[in-house]
Amino acid sequence: MADGNLIIGLAEAAKHDSPDYEKKLSDSIAADSFDNEDDSIHEGLEFPTEEELLTLRRVSDAIPWNAYLIALVELAERFSYYGSSVVFTNYIQQPLPPGSRTGASGLNGQPGALGAGQQMSTGLTTFYQFWAYVCPIAGAYIADTYWGRYKTICFSVAVAMLGHVIMIISSLPGIIGGRASLGVFILSMIITSTGTGGFKSNVSPLVAEQYRITKYYIATTKSGERVIVDPTMTTSRIYMYFYLFINIGALVGQIGMTYAEKFVGYWLAYTLPTVVFCISPFVLYLGRHRYRRSAPEGSVLPAALRIWRYAQRGRWSWNPYKTITNLTASDFWESAKPSKHVGEKPKWMTFDDQWVDEVRRGFKACGVFVWFPLYWLCYNQLNNNLISQAATMTTNGLPNDVLSNLDPLALIIFIPICDLVIYPALARRGIKFTALKKITWGFGTAAASMIWAAVVQYYLYKTNPCGKSASTCQDANGNPLVSPLNVWIQAGSYVLIALSEIFASITGLEYAFTKAPRNMRSLVMSMFLFTSAVAAAIGEAFVSLSLDPLLVWNYAVSAILAGVGGTLFWLVVRKLDKEEDKLNNLTDGHFGSET
């Protein structure tokens, strides 16, 4: 009966959860007022009582149009990023096809350029991702302290554009395939990923800032049901559709460029992403007077770190157990609040108690992010080893790197299903699928994806003519010999990874934004993005497993780390999960001149 009720709930969720409430502020939100006083948007709202917070169903609000404009900027940038990087593996690993001056191979050949092998390919693509996710820290600091998010994004787009132009030069006939090509290509990777880093840490907070409501309020649905409009759920919804735009760009870019490299050449596979990327500065300029921006407030990071150090006073002991107990105590941050300070306050204590609560919440979020490198180790297999695995299977003329597009395709399908059907149905049933629960499920589905890949690799070795030398198997004429297993067997890995992204990656963006102090949003977001760089660095240590006959272990180790890591993650954060509503509804703190 319970299963039957859940099915009914799934069917009814989309019908009853229309965001067109009889009383809501969607029109005023979409009007994109430039008033910097957030409190004005809450005037005239009915706020829920304690009883209503426990009993009424929660729903998300409408998404403001400005968020869609920023998502379009991200779509073009992701088209350029994924459209160019999807061909990196073949470009680096495979040699120029016989008689080709562009890297194109035709229908039945294997495109390539540098012929540097799988280990070099995995190493360079991993470095590319590492650098792209280290640079967000610098971009976030510049935005929060000096330029603001909008200006930093514009500058980062210009840097990334330069990198794309240099990448085109590396692939031109006459240059491609030589030593100069490798050097110019590596330079383009560094410049492009630098611009990408500055862009990523700021566009994610900017899109969510377009929604101005920060407090729960009561609304009535078309069916007459009183519900609570939850700003956190709205932020989650913004990021789900933001991620949808990302994957539309990734899907079109990746599919188009895999065929461009195969039938025309790498110069076209790098030129088209650059052309599409030109949409980003155009839309940024077009909406320059519409976007809601947060002005830089100077460097607040030193103050946040000083609060953390100040709270540690008197909590250290020669006894390690006592030290850990003191540092993780529930009252750890209380001593750092100005109201608890006896005597004259230090000059650096230019904030109120509420800002300390926000800093505590931000540190808690960073503690959650510590676990994410174990998740990204699984996700990163999409960008290199799974593409190489496909090259050892029967493709029937399908480019070996086109199957990775099942990941963004699955995301485009499943994101609306989760938003319109599954999540509302769970809420209707009274099931709180909180952010930390979603992340835990993300770890589990990522581990399942790697188990699938390990099993496929095992049977590849059993069926390949060269056994466990599948990656380098050739006939007497130098033509590759592959396993009779069809490449579509890989589909399970990509679909499972896509589900894990909905649960873990999208939720990570939401968690970074909602848990950060207002004047540290780019910085906390960069900490989340930095976990991908950590995973890339750890991945460099696993490059030695990216060779035959060790590839089964490569996937198996990733699965074990994600599975065990996800289990330990939940055991550590389950108490924090109970604080979700409290953390989401903190009173805004004040820092510096605001106090």
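These are my notebook entries on aromatic rings, a nonpolar surface patch and one buried aspartate in a predicted model.

**Entry 1: aromatic pairs**

I began with the rings. I noted that a pair of aromatic rings is described by the distance of the centres and the angle of the planes. The count came to 43 aromatic pairs. I then looked up phenylalanine 351 and tryptophan 355. Their ring centres lie 5.6 Å apart. Their planes meet at 40°, so I wrote the pair down as tilted, since that class takes what is neither under 30 degrees nor over 60. Phenylalanine 351 and tryptophan 355 are both buried.

Next I turned to phenylalanine 372 and tryptophan 376. This aromatic pair is tilted, with 40° between the planes. From centre to centre I read 6.3 Å. Where do phenylalanine 372 and tryptophan 376 lie? I found both in helix H15, which covers residues 372–379. They are four residues apart, about one turn of the helix. Both phenylalanine 372 and tryptophan 376 are buried.

**Entry 2: an aromatic cluster**

I followed Phe372 and Trp376 further and found them in one aromatic cluster. The cluster also holds Phe369, Trp371, Tyr375 and Tyr379. Phe443, Tyr511, Phe528 and Phe569 complete the list.

**Entry 3: charges over rings**

I looked for arginines placed over rings. Arginine 288 lies over the face of tyrosine 285. I noted 3.8 Å from arginine 288 to the ring centre. The charged end of arginine 313 sits over the ring of tyrosine 310. Here the distance to the centre is 3.9 Å.

**Entry 4: the surface patch**

I moved to the surface. A nonpolar patch there covers about 710 Å². Leu107, Val165, Ile169, Leu172 and Ile255 are among its residues. Tyr259, Phe263, Val264 and Trp267 belong to it as well. Which elements give two or more residues to the nonpolar patch? I found helix H7 (149–170) and helix H9 (231–263). H9 gives the largest share, three residues.

I picked out valine 165 from this patch. Its place is in helix H7. Is valine 165 buried or partly exposed? Its relative accessibility is 39%, so I entered valine 165 as partly exposed.

**Entry 5: aspartate 577**

I ended with aspartate 577. This residue lies in helix H21, residues 551–577. Its relative accessible area is 8%, so I marked aspartate 577 as buried; the cut-off is under 20%. What is aspartate 577 in contact with, leaving aside its neighbours within four places in sequence? I listed Thr434, Leu436, Lys437 and Trp570.

Note on methods. Residues numbered from 1 in each chain as written. Predicted model: local features only at pLDDT ≥ 70, side-chain atom pairs only at ≥ 80, totals over all residues. Heavy atoms only, no water. Phe/Tyr/Trp six-rings, centres within 6.5 Å; stacked < 30°, edge-to-face > 60°. Buried < 20%, exposed > 50% of the residue type's maximum accessible area, 1.4 Å probe, protein only. Lys NZ or Arg CZ within 6 Å of the ring centre and 35° of its normal. Patch = residues over 30% accessible without salt bridge, like charges linked within 9 Å, V, L, I, M, F, W, Y side chains within 5 Å. Areas by Shrake-Rupley, 256 points an atom, 1.4 Å probe, with all protein chains shown as cover. Salt bridge = Lys/Arg side-chain N within 4 Å of Asp/Glu carboxyl O. Contact = heavy atoms within 4.5 Å.
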